Amino acid sequence: MGPLIEVVDQIMQERGYVPAESLEGKTIKMKEFSKKYCGSKAVPWIRLFIFDEFPEVDFKNGGWVVNPRKTAEGSRTFIFEKPAQEWLDKHRCEIDWNAKLP
């Protein structure tokens with residue numbers, strides 16, 4: 001990387017610009033979340049063993065998933081990708097990945 005690129009990167013970072021590949025502010029849907037972060041687990045499995053087991057992930061509780069289940073408030077579930085990834089990095093050992101749906 002040349003010195004000019006390094007200077008430009010530093011200026012952009014100081015001004016709060018995020019790289020195009022950044023997850024900052026991006027949202028994803030359940031199917032993509034399952035594939036990228038949950039080993040392609042079924043959506044009902046994710047709702048039961050992640051969203052229900054860890055209520056702190058609900059956006060209403062300061063988390064990263066909006067409408068983890070269909071309610072009168074909303075039916076479309078979407079996930080803020082960066083905080084979801086960070087949370088999963090910290091909590092992956094607390095999730096029972098071998099749990100079976102009832």
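How are α2 and α3 oriented to each other? A few notes on that and on the sheet follow.

1. A word on the basis: this is a predicted model, with local features needing pLDDT of at least 70 and side-chain atom pairs counting only at pLDDT 80 or more, while totals for chains, interfaces and linings use all residues. Residues are numbered from 1 along each chain as its sequence is written, and side-chain values use heavy atoms, with hydrogens and water left out.

2. Helix α2 (residues 30-37) packs with helix α3 (residues 43-52) at about 70°, their axes 10 Å apart; helices here are DSSP runs (H or I) of at least four residues, and strands (E) of at least two, numbered from the N terminus. Axes are lines fitted to C-alpha atoms, for helices over the stretch in contact, and angles run from 0 to 180 degrees between N-to-C directions. The two helices, α2 and α3, are therefore roughly perpendicular (65 to 115 degrees).

3. Where they touch (heavy atoms within 4.5 Å), M30, F33 and S34 of α2 meet V43, I46, R47 and F51 of α3.

4. Now the sheet: three strands, ordered β1-β3-β2, make an open antiparallel sheet, pairing being at least two DSSP bridges between strands. β1 (27-28) and β2 (65-66) are at the edges with a single partner strand each, so one side of each has no neighbour in the sheet. Helix α4 (residues 81-91) packs on the sheet, touching β1 and β3, and its direction makes about 75° with that of β3.

5. Do look at N67, in the loop between β2 and β3: this residue is not a glycine, yet has a positive phi of about 55°.

Terms used:
Parallel < 35°, antiparallel > 145°, perpendicular 65-115°, else oblique.
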